[in-house]
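Good morning, and thank you for coming. I would ask you to keep the structure in view while I speak.

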Amino acid sequence: MKRFALLIFLFAFVFGIAAAQSGRGSSDLPSDPEIEELEKKTAGELYTLATNYLRDKLTELELKKVPYSTETHRKILSEQKALAAKYASILAAKKDLLSVDQYYLGRLHWIAGNKDGALAAFEVFLASGVNDEDKKQSARAVAIDVLASSGETAKAEIYLKDYRAASPVKQSDLASMHKEMALAYKKAGDLKAAATHADAAYEASKVLLFESGSRARALNMLMDSGSTSFQIHRLLGDSDTAVEKLVTMRKYGAQMKSYSVYLFALDTNITYYLETNRRDKALALAADAKKLIVDEIEDTAVRFSVSSRFKRREPHYKLIGLPAPELVRLDAFLPNKSISLADLKGKVVLIDFWATWCGPCLDAFPKLNDLYAEYGDQGFTILGLTRYYDALGKAPRSDNELASIREFVGEHELKYPVIVANSQANQIAYSAMSLPTVVLIDKKGIVRNIYVGSSDGREREIESAIRLLLEE
């Protein structure tokens, strides 16, 4: 009944029928104790409830010793968005909101993923003349993000100028805003303007490394902004500057003792050479990598992490930039439709090597389903490739195991084709002995990259690569 009452309340608010058409006051609406309690809270209190939801739920799960998973995290974030949307609706329904209330309304819309609502509230707040510079800077930062993402770069530039002229100026905001501006100009085809903002984002992220309270966040921003700057200079055809961005990132990775940043920069450099038909240069850099790692990384533990991971990555360089090996020893297709890579020429193909017993593989399934739904009608497809493991090579096929795989695929609602092989020949051919491994193949049937493991950062990297391949 509570949910039904809330729906009636929201319907009346959105369509303006409560008082305008019937003349009834809000007292005629069905009473809901939860809504009534929320209506008594200030805008700041509603915002605090929404922002604390993620932290509180994760703490609750930790106390209950519930295992963490990416899927659980996504579920909590979805719940947080729904709550923020509800609180925003309650707040927006109030009469005579104060200027500062518009700020909190904008923050709630932002958490809920309602960018237009956030921008509208923040513009009212910024025009009100409130003397709270912290909140004004925060509102400008969001406004720039929204405007840039919608292609309104001229208006975003005005807010960016205002932000830089005011205080406090946060390097994290600068890195994020300039990156969004770079992407907006890139999308509009103005690569020179994009490069200017991408480079500014990269410089801000470097400063952030030495002042941030969150080392992990600062390193992520360095890698994100550095990658954006590299990609834009690459599109401009400025190979030397593009490579210089990666070399700089590699050195910061060594200085900040981050094996992930160092490896990303080194690997991106090698794959860039492979993708631009400079195979000899790529393989030479890969051969020199062992000496570079020793010379550039002082920390013993970081040097060991980089070396061991690079050793596992190195075999992939022999495949990237070359025609994808055809899949062999295939025993079953789910659904029952035979598929070959030759049949898929003209499409971007993602091969996901997985197994039923692989936890990180399971964590990746929701995102793979999302990618298939998002890009499946744009010339993209996924092949989920597993094999028989129960027989351990002693038999070519296990009917019971095949039935289990069918049931497993149904339980996890995999939307894309799944293939079952009866040997590990495909894993050997693609150096995919670690699971999960994802192989990206372009429209011409060329291997463009190979990714190992599952993480939010890796998922974003793969999606970005898919978009670029679809644009080719």
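Two strands are said to pair if DSSP finds at least two bridges between them. Please bear in mind throughout that this is a predicted model.

With that definition, let us begin with the strands. Strand β1, residues 330–334, pairs with β4 in the antiparallel sense, over four bridges. Within this pairing, Leu330 stands opposite Ala421 in β4. Strand β3, residues 380–387, also pairs with β4 over four bridges, but in the parallel sense. Here Arg387 is the residue opposite Ala421 of β4.

Is strand β4 covered on its faces, or open? Which of its residues are buried on each side? Val418 and Val420 are buried on one side, and Ile419 and Ala421 are buried on the other, which leaves both faces of β4 covered. In general, the side chains of a regular strand alternate between the two faces of the sheet.

I turn now to a helix. Helix α9 runs from residue 171 to residue 188, and its 18 residues reach 26 Å from the first C-alpha to the last, close to the 26 Å expected at 1.5 Å a residue. The helix is mostly covered, with 13 of its 18 residues buried. After α9 comes Gly189, whose phi is positive, near 90 degrees. In the loop between α8 and α9 we find Pro168. The peptide bond that joins Ser167 and Pro168 is cis, with omega about 0 degrees.

A second cis bond runs from Leu435 to Pro436, with omega near -5 degrees. Pro436 lies in the loop between α18 and β5.

Why do I draw attention to such geometry? Most peptide bonds are trans, and most residues other than glycine have a negative phi. Two residues other than glycine may be set beside that rule. Asn277 has a phi near 60 degrees, a positive value, and lies in the loop between α13 and α14. Its relative accessible area is 74%, so Asn277 is exposed. Glu413 has a positive phi near 50 degrees and lies in the loop between α17 and β4. At 52% relative accessibility, Glu413 counts as exposed, because the cut-off is over 50%.

My last topic is charge. How many salt bridges does the structure hold? There are 24 of them, and I shall describe three.

In one, the side chains of Glu34 and Lys86 meet at 2.9 Å, N to O. This pair links distant parts of the chain, since Glu34 is in helix α2 and Lys86 in helix α4, 52 residues apart. Glu34 is partly exposed at 35% relative accessibility, whereas Lys86 is buried at 13%.

In another, Arg74 and Glu459 meet through their side chains, again at 2.9 Å, N to O. Arg74 lies in helix α4 and Glu459 in helix α19, so the pair ties together parts that are 385 residues apart in sequence. Arg74 counts as partly exposed, at 25%, and Glu459 as buried, at 12%.

The third joins the side chains of Glu296 and Arg250 at 2.8 Å, N to O. Glu296 belongs to helix α14 and Arg250 to helix α12, so parts 46 residues apart in sequence are tied together. Glu296 is partly exposed at 22%, while Arg250 is buried at 6%.

Finally, Lys57, Glu60 and Lys64 are joined into one network by salt bridges that share partners. Thank you for your attention.

Conventions:
Residues are numbered from 1 along each chain as its sequence is written. This is a predicted model: local features need pLDDT of at least 70, side-chain atom pairs count only at pLDDT 80 or more; totals for chains, interfaces and linings use all residues. Side-chain values use heavy atoms; hydrogens and water are left out. Helices (H or I, at least four residues) and strands (E, at least two) are DSSP runs, numbered from the N terminus. The expected span of a helix is 1.5 Å times one less than its number of residues. Buried means under 20% relative accessible area, exposed over 50%, partly exposed in between (1.4 Å probe, protein chains only). A salt bridge is a side-chain nitrogen of Lys or Arg within 4 Å of a carboxyl oxygen of Asp or Glu.
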